[in-house]
Amino acid sequence: MDFWHALAGWADRWPDKPAVISPRGELTYAQLAGRAQHLAGTLHQLAQQRVGILTSDPTTMAVAFHGAALAGKTLIVLDPAWPAALLHSMIRTLNCSHVMANDVLELAPRIPATTLRIPDTSDAGPWVAHQHPDDRELLIICTSGTTSRPKAIIRSAASWQDSVAGGACVLEATEEAITLSPGPISHGLGLYSLVESIHTGGTFAGTGRWSVQDTRSLLGRVRCNRIVSVPTILDRLLAHVEAELLSTIRWVVSGGESLSAPLVARLYGLPALDSCVEYFGSSEHSLIAYSYREPDEKNGGSFSGRLFPGVSIHLHDLDPDTGIGTVYVDSPFNAAGYDPQTAPPIARCNNSTSILDMAIQSTDQRITFIRRDDGMLNLHGNNIHPSELLDVLSKLNVHQAKIRLESIEGELRLVAYVRSPVLEREIIQNAFAKQLPIFKMPHEVIFLEDWPQAFSGKTSVAHLADDAPEIVKRIRLR
């Protein structure tokens, strides 16, 4: 069933059920369908296929998405966190002549496009429908662009519809789910969880961006039983939101970087939690694999799980010693590709595509991914697997760490970023010296109070400044 028919069906069945709740307001299913239908009438009159949306409000995003879907338009999701120059450049690059918002003042400073206001008025049923090809462009999602220019990913209607249908059961997206998504609504995870919740008849409660105050406010208004987020925000949620407000959470869904074992254990401290599922995916491939995490398990930082139904993979450039190769994914969930104005084509092998992730495949359906940050490093001709360093640190009770090669004054150095209480230099140095050769010892260990956060809410240490408030102490080992 397509997204509009699903929304219209729920609006007929439960017109007064809350569909979307945000700090700015709330829409029932009937109100959402009515506003989306009203917006579709305006969009039908546009000659252009692509139309942008610029908002951090989930109710606005929900109306824009379903209005564009009904009108058969391509929705370009623009990021309010982008600097003005980047925003202007992406609008021009993607040929986006019209941009929607709930308040045109959000578009200041002036942007190079005609502005359209999301309507406050609703059409009444009966709900109309238009036939559009399933292989059409449904939306364009842009990568966060924190370390490089964003890449625009083209999603077809069929790929997202199949993804929601294929993943809903595993990810506990049901009619009874009241989903909290406390992160950016303009990024893949937030937008997907919004669309997924509405498509499956649940209630979505979103802040649109990470905010402790807004999250507390939402949880005070509605008792959520499901959370969809990334580990960085889940960690902050547990640290800064009162336990009583989280006491009804039954299901946690995590994407992005891998959940650490200590964070999983803390999540299972929630009194009503039934399951914690972590999925591996990307904006280019949507859902690839999943894993049900347990409170007492050990995890070395890599993701190991089972492929979603309908997904298969094969490996290129297989290392015969390690079994590691480059993953190519064959899936009905795959994106059509990148917009050619923003990125070169995705690597292809027949119907499969790759974004250069590395993995080991143990059976037809089980796979262990080597996170990009965890892939093999080469320092002065020596191969270094970050997992070796992570093992040493884990024996020192340091379970949250990232290993990077960084150029400092023209010289490559091995740096370990860790989130833990500060350890003595001699303790760290002795642990590495006993277990690894000297060339695998980090030049420096940097202790952090908290992980720096990218726009998307994911952990990012790529541009951590020397004077960043997250840095507690730097320790040189060699």
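Reader: Over how many bridges do S13 and strand S14 (residues 286-293) pair?
Author: Strands are DSSP runs of E with at least two residues, helices are runs of H or I with at least four, and both are numbered from the N terminus. Two strands pair if DSSP finds at least two bridges between them. S13 and S14 do so in the antiparallel sense, and their bridge count is 7.

Reader: Hang on, what kind of model is this?
Author: Residues are numbered from 1 along each chain as its sequence is written, and side-chain values use heavy atoms, with hydrogens and water left out. Local features need pLDDT of at least 70, side-chain atom pairs count only at pLDDT 80 or more, totals for chains, interfaces and linings use all residues, and the model is predicted.

Reader: Back to S14: which of its residues is the bridge partner of Cys 276?
Author: A hairpin of 3 residues takes the chain from S13 to S14. Across that pairing, the S14 partner of Cys 276 is Arg 293.

Reader: How many of the 8 residues of strand S13 (residues 275-282) are buried?
Author: Buried means under 20% relative accessible area, exposed means over 50%, and partly exposed is in between (1.4 Å probe, protein chains only). S13 is largely enclosed by the rest of the structure, because its buried residues number 7.

Reader: Is the crossover from S12 to S13 left-handed or right-handed?
Author: Strand S12 (residues 251-254) pairs with S13 in the parallel sense over 4 bridges, with Ser 254 opposite Glu 278. The chain gets from S12 to S13 by way of helix H9 (residues 261-267), a β-α-β crossover. Point the strands away from you: if the path from the first strand over the helix to the second runs clockwise, the crossover is right-handed. This one is right-handed.

Reader: How do helix H3 (residues 58-71) and helix H6 (residues 188-199) lie to each other: roughly parallel or roughly perpendicular?
Author: Axes are lines fitted to C-alpha atoms, for helices over the stretch in contact, and angles run from 0 to 180 degrees between N-to-C directions. Under 35 degrees counts as roughly parallel, over 145 as roughly antiparallel, 65 to 115 as roughly perpendicular, and the rest as oblique. H3 and H6 pack at about 70 degrees, with their axes 11 Å apart. That pair is therefore roughly perpendicular.

Reader: Which residues of H6 make the contact with H3?
Author: Contact means heavy atoms within 4.5 Å. H3 brings Pro 58, Met 61, Ala 62, Phe 65 and His 66. From H6 come Leu 191, Leu 194, Val 195 and Ile 198.

Reader: And how far apart are the axes of helix H1 (residues 3-13) and helix H2 (residues 29-44)?
Author: In this pair, Trp 4, Leu 7, Trp 10 and Ala 11 of H1 meet H2 residues including Tyr 29 and Leu 32. The packing angle is about 135 degrees, and the axes are apart by 8 Å.

Reader: Which strands stand at the edges of the sheet S25-S26-S27-S28?
Author: This open sheet of 4 strands has mixed pairing. An edge strand has a single partner strand, so one side of it is left without a neighbour in the sheet. Here those strands are S25 (401-408) and S28 (471-476).

Reader: Which helix packs on that sheet, touching S25 and S26?
Author: S25 and strand S26 (residues 411-418) run antiparallel, joined by 8 bridges. The direction of the helix makes about 125 degrees with that of S25, and the helix, residues 386-395, is H10.
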